[in-house]
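Student: I am new to this structure and would be grateful for a close look at a single part of it. Please choose one part and explain its surroundings in a connected way.

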Amino acid sequence: MSDRFAPSKIVCVGRNYRAHAKELGNEVPSEPLLFLKPPSALIAHGDAIVLPRESARVEHEGELAVVIGKRARRVRPEDVAEFIAGYTVANDVTARDLQRKDVQFTRGKGFDTFCPVGPSIVRARPSPDASITVKVNGAVRQHGFLRDMVFSIDVLVAFISDVMTLEPGDLILTGTPEGVGPLVHGDTVEVSIDSVGTLTNTVRTEA
Ligand code: ZN
């Protein structure tokens, strides 16, 4: 992923896998639950996730990311495919304690380095049967299938485009399957999605 990759916004979807909503004690929402991560949170494949001193509980959330290819406003689900440039892998890193404390997600999801994305953008949409797996130091933490999304890619992009104009390069993180867990100094976290790639990042405390 280029250093100049600079989305105008990163739109995230919460509770889009039933089992993950449940593990955090939440219901599946009746409409997609949206929040934003700031572009300043972006890091690339191979970069370090930095644990901020404000949080005692930072967790991984492996997710499929959609990269917008064409300005999109009030797009219908059946037309969404032509507005997508490709797909990549993301980690919606979350300070779970701060997310709970604040209720609003901005701080818990918004720290610098909390949005690793990469390693590359693939054009073809992954199959619904593609699996998404997160490993920490080689041990499987999260495992699920894209078909388990509550709201599909097409429904999500259409829904978001009814709220805000999507620009080329904008990223949409489509939610995480169950198994989220903590990251600590020295960890290596890998997010893999069949046919899309494996995103690898190290973890360190703030200097
Ligand atoms: Zn997430």
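Tutor: The account below begins with helix H4 and its packing, and then turns to other sites.

The model is a predicted one. Helix H4 covers residues 153–161, and its buried residues are Ile153, Leu156, Val157, Ala158, Ile160 and Ser161. An α-helix has 3.6 residues a turn, so residues three or four places apart point the same way. The buried residues of H4 pack against five strands, namely E1, E2 (33–37), E6 (62–68), E7 (84–91) and E12 (171–173).

One of these partners, strand E1, spans residues 10–14, and Lys9 belongs to the segment before it. Is Lys9 buried or exposed? Lys9 has a relative accessible area of 15% and is therefore buried, the limit for that term being under 20%. The side chain of Lys9 comes to 2.8 Å from the backbone oxygen of Thr165. Leaving aside residues up to four places away in sequence, Lys9 is in contact with Leu36, Pro39, Met164, Thr165, Leu166, Glu167, Asp170 and Leu171.

Cysteines come next. In the whole structure, zero disulfides are found. Cys12 takes part in none, and the nearest cysteine sulfur to its own is that of Cys115, at 6.2 Å. Why is there no bond between Cys115 and Cys12? Their sulfurs are 6.2 Å apart, which is too far for a bond, because a disulfide requires sulfur atoms within 2.5 Å. Cys12 has 0% relative accessibility and so counts as buried; Cys115, likewise at 0%, is also buried.

There is also a metal site to consider. The zinc ion has Glu61 (OE), Glu63 (OE) and Asp92 (OD) as its protein donors, at 1.9 to 2.1 Å. Their spacing in sequence is E-x1-E-x28-D. Both Glu61 and Glu63 are buried.

Finally, there is a sheet to describe. Five strands make up an open sheet with mixed pairing, in the order E4-E15-E14-E10-E11. The edges are held by E4 (48–51) and E11 (139–145); each has a single partner strand, so one side of each is left without a neighbour in the sheet. On average, with direction ignored, neighbouring strands of this sheet are turned by 20 degrees against each other. Strand E10, residues 131–136, runs antiparallel to E11 and is joined to E11 by six bridges. Within this pairing, Thr133 has His143 in E11 as its bridge partner.

Notes
Residues numbered from 1 in each chain as written. Predicted model: local features only at pLDDT ≥ 70, side-chain atom pairs only at ≥ 80, totals over all residues. Heavy atoms only, no water. Helix = DSSP H or I, 4+ residues; strand = E, 2+ residues; numbered from the N terminus. Buried < 20%, exposed > 50% of the residue type's maximum accessible area, 1.4 Å probe, protein only. Polar contact = N/O pair within 3.5 Å; in protein donor to acceptor, adjacent residues only side chain to side chain. Contact = heavy atoms within 4.5 Å. Donors = N, O, S within 2.8 Å, 3.2 Å for Na, K, Ca; no water. Pairing = 2+ DSSP bridges. Axes fitted to C-alpha atoms, helices over the stretch in contact; angles between N-to-C directions.
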